[in-house]
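Q: I would like a close look at a single part of this protein, with its surroundings described step by step.

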Amino acid sequence: MKNNFLKLCLTLVLFASMFASVFAQVTSSGISGRITSGNESLPGAAVVAVHVPSGTQYGTVTNADGRFSLQGMRTGGPYKVDVSFVGYAKASFTDITLSLGESFVLNTSLKESNATVGEVTVVGTKPSPYNSEKNGASMN
């Protein structure tokens, strides 16, 4: 009798643990997609999504296939999404609303831009080894 009671309790605990995972709650959503230019994928394109009411920013870059995935985002919206890549015109999307537990699919194609990038000059100097702030092994 004691053995049957133990088996019954073990069986109930097993079923309860199986059903507990079914009722797990998802509290976020995401955006995923592919960025191309014509038929070519754009690896390294920047994707930035901004939750307009709170100002929360989510960002990523595309992989070698031009695909990206932003997960763990707030549900609802509206969101503003900007996609940019050097030498291409920036694409902007507004009024995107995310559903709970689902990933919004955003596939887009960027067009080449004729904007020229100016020359960048970087100038630096080496600090003096006899700096007055460096006067020992450590400073407290």
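Leaving out residues up to four places away in sequence, which residues does Thr108 touch?

A: In this predicted model, Thr108 touches Arg34, Ile35, Thr36, Val83 and Phe93, once residues up to four places away in sequence are not counted. Thr108 has its place in strand β9, which covers residues 108–109. With a relative accessible area of 13%, Thr108 falls under the 20% limit and is therefore buried.

Three of these partners, Arg34, Ile35 and Thr36, carry numbers that fall in β1 (29–37), and the pairing of the strands fits with that list. Strands β1 and β9 run parallel and are joined by 2 bridges, and in β9 the bridge partner of Thr36 is Ser109. Thr36 also has a bridge partner in β2, namely Ser41, where β1 and strand β2 (residues 40–41) pair in the antiparallel sense over 2 bridges. The hairpin of β1 and β2 has 2 residues between the strands, and within this hairpin Gly38 takes a positive phi near 70°.

Strand β1 has further pairings. With strand β8 (residues 103–105), β1 pairs in the parallel sense over 3 bridges, and the partner of Ser32 in β8 is Val105. With β5, the sense is antiparallel and the pairing extends over 5 bridges; here Ile31 has Leu70 as its bridge partner. Of the 9 residues of β1, 8 are buried, so this strand is largely enclosed by the rest of the structure.

Ile35, one of the residues that Thr108 touches, also belongs to the largest nonpolar core, a set of 18 residues in which Ile31, Ile35, Met73 and Val81 have the most contacts. The elements that give two or more residues to this core are β1 (29–37), β3 (46–51), β5 (67–73), β6 (76–84) and β7 (91–98). In soluble globular proteins, nonpolar side chains tend to be buried together. Val81 illustrates how this core is connected, for, leaving aside its neighbours within four places in sequence, Val81 is in contact with Ile31, Val47, Val48, Ala49, Ala91, Ser92, Phe93, Ile96 and Leu106. Phe93 is thus in contact with Val81 and is also touched by Thr108.

Beyond this part, the structure holds 2 aromatic pairs. The rings of Tyr58 and Tyr79 have centres 6.3 Å apart and planes at 50°, so this pair is tilted. Because Tyr58 lies in strand β4 (residues 56–61) and Tyr79 in strand β6, the pair ties together parts that are 21 residues apart in sequence. Both Tyr58 and Tyr79 are buried. The rings of Phe85 and Tyr88 also form a tilted pair, since their centres are 5.5 Å apart and their planes stand at 50°, while Phe85 is partly exposed, with a relative accessible area of 25%.

For the wider setting, the protein has 1 helix and 9 strands, and its pattern along the sequence is α-β-β-β-β-β-β-β-β-β. Buried residues make up 21% of the 140 residues, and among contacts with a separation of 6 or more, 57% are between residues 24 or more positions apart. The accessible surface of the protein comes to about 10600 Å², with 56% of that area belonging to carbon and sulfur atoms.

Methods:
Residues numbered from 1 in each chain as written. Predicted model: local features only at pLDDT ≥ 70, side-chain atom pairs only at ≥ 80, totals over all residues. Heavy atoms only, no water. Helix = DSSP H or I, 4+ residues; strand = E, 2+ residues; numbered from the N terminus. Buried < 20%, exposed > 50% of the residue type's maximum accessible area, 1.4 Å probe, protein only. Contact = heavy atoms within 4.5 Å. Areas by Shrake-Rupley, 256 points an atom, 1.4 Å probe, with all protein chains shown as cover. Core = buried A, V, L, I, M, F, W, Y, C linked by side-chain atoms within 4.5 Å. Phe/Tyr/Trp six-rings, centres within 6.5 Å; stacked < 30°, edge-to-face > 60°. Pairing = 2+ DSSP bridges.
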